[in-house]
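Student: I would like a close look at one helix and the aromatic contacts around it. Please take me through that part step by step.

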Amino acid sequence: MRTRADGTTEIGVGLISVGWMGQLHSRAYANLKYAYPDLGLAPRLVHAADPAPARTDEAVRVLGYERASADYHDVLNDPDVDVVSICAPNFLHSEIGIAAARAGKHFWIEKPVGRGEHETRAVADAAKEAGVVTSIGFNYRHAPAIEYLRELVAEGRLGRITNVRGQMFADYSADPRGALSWRFVRGLAGNGVLGDLMGHLVDLVQYTLGPIGEVSAVTSTVYAERPELPMGTGTHFALIENGDMKPVENEDYAGMLVRVADGAPAAHAVGTLEASRVSVGPRASYGIEVYGTGGSAHWDFERMNELHLSGGLGAENQGYTRVMARPGMGDFNRFQPGAGTSMGYDDLKVIEAKKFLQAVLGREAINSNIQDALSAAQVVSAAERSAETRTWQSSTPVEGTTAAGA
Ligand SMILES: NC(=O)c1ccc[n+]([C@@H]2O[C@H](COP(=O)([O-])OP(=O)(O)OC[C@H]3O[C@@H](n4cnc5c(N)ncnc54)[C@H](O)[C@@H]3O)[C@@H](O)[C@H]2O)c1
């Protein structure tokens, strides 16, 4: 890192894996100067790695990296790289996360961190030992309406929180011709929709209400096999005609009953959380509904810029008001000047990049970190044990998270 003549702080960025998320992280760094010109952050896209030649080519030609390699170690060994975005498939997260920590690189890593709690914990231990700053791809928590919901709960404006209902319903694999990407192979992904989508929902609940202490879960696999998609080609949205069919090794659907832990702002609130990658109808219906003795609020990513708020018992007209995200909620004003003009998904990653780099510079306290990933992984792991044993399972709150009340 160095201070440029114009006073901005140049931060050398490395990227590992140039798939969907790798491209998105890169756009997020590039857009920081427009959204946060006052922060003086000057990310320099230095070195990207991906074994697929078309992806390294794209990294240099389209995304603007100075150099690219097939081997991620070249990124970690590059002295011009200060921070690394780890956007690899799940099976590489622990190996790369640990290597990044040992190389002394701060890292922003995609969720879920690894193929389960044990791998997330190994990355957390390595990051702690190396003293590097971490950030997790829990992008939905940055939606201005969610930041506002967190405030409403913390200030008691919904009363005592009694229950929560959440869903992560996606249709990316609703079609049986939907590709068997690495996400469906246990050795490459770990669990299925539990890690892919439920982890996001667990993070949203923990961020707004507090840590989840207990779960009871069911899981199911709707399609037993799918046509194979070679690694490094296409996306998991691809449809393949007459492909080579391979078995689906993890769950398409997961449902959980949850109880919020003692000591949290919403202690003892109960609820239901569901995730599916085969929903027909909802496209990316990711959301939570929070109910309290004084009011309730609904948010859905498909309508990211809206929060449905009840007026509460005392209101002349009970029921819901559709409140549009506006300046004053989260970082909305960094993207749009007034309510009604919408922010998009990419903007959430710009906010995430800002929080990460501000944390690296010691300036931001509420940046999701590896302890948040470990906490979500613990809950997901408890859900897996519960589904297997048909029993309730507990998850011990993790120290050092950014959960509500922590
Ligand atoms: N935060 C979110 O909302 C969100 C959304 C999508 C994906 N993700 C997560 O991001 C991660 C990546 O997902 P994606 O959809 O971008 O995957 P993708 O399949 O689009 O891209 C994966 C890339 O990894 C590369 N790769 C394979 N082996 C590699 C190796 N040995 N070294 C370096 N690169 C290698 C592939 O060539 C490919 O370019 C996953 O962990 C996923 O769960 C998060």
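Tutor: What follows covers one helix, then its ring contacts. Keep in mind that this is a predicted model.

Start with helix α9, residues 345-360. At 1.5 Å a residue, its 16 residues should span 22 Å. The end C-alpha atoms lie 23 Å apart, which agrees. The helix is mostly covered, with 15 of its 16 residues buried. After α9 comes Gly 362, whose phi is positive, near 75°.

Now the rings. The structure holds 11 aromatic pairs. One of them joins Tyr 140 and Tyr 345. Their ring centres are 6.4 Å apart and their planes meet at 35°, so this pair is tilted. Tyr 140 sits in the loop between β7 (134-136) and α6 (144-154), while Tyr 345 belongs to helix α9. The two are 205 residues apart, so the pair links distant parts of the chain. Tyr 140 has 6% relative accessibility and therefore counts as buried, the cut-off being under 20%.

Tyr 345 also pairs with Phe 301. Here the centres are 5.8 Å apart and the planes stand at 70°, so the geometry is edge-to-face. Phe 301 lies in the loop between β15 (295-300) and β16 (306-310), so this pair ties helix α9 to a part 44 residues away in sequence. Both Phe 301 and Tyr 345 are buried.

These contacts belong to a wider group. Trp 20, Tyr 140, Tyr 172, Phe 237, Tyr 286, Phe 301 and Tyr 345 form one aromatic cluster.

Note on methods
Residues numbered from 1 in each chain as written. Predicted model: local features only at pLDDT ≥ 70, side-chain atom pairs only at ≥ 80, totals over all residues. Heavy atoms only, no water. Helix = DSSP H or I, 4+ residues; strand = E, 2+ residues; numbered from the N terminus. Expected span 1.5 Å × (residues − 1). Buried < 20%, exposed > 50% of the residue type's maximum accessible area, 1.4 Å probe, protein only. Phe/Tyr/Trp six-rings, centres within 6.5 Å; stacked < 30°, edge-to-face > 60°.
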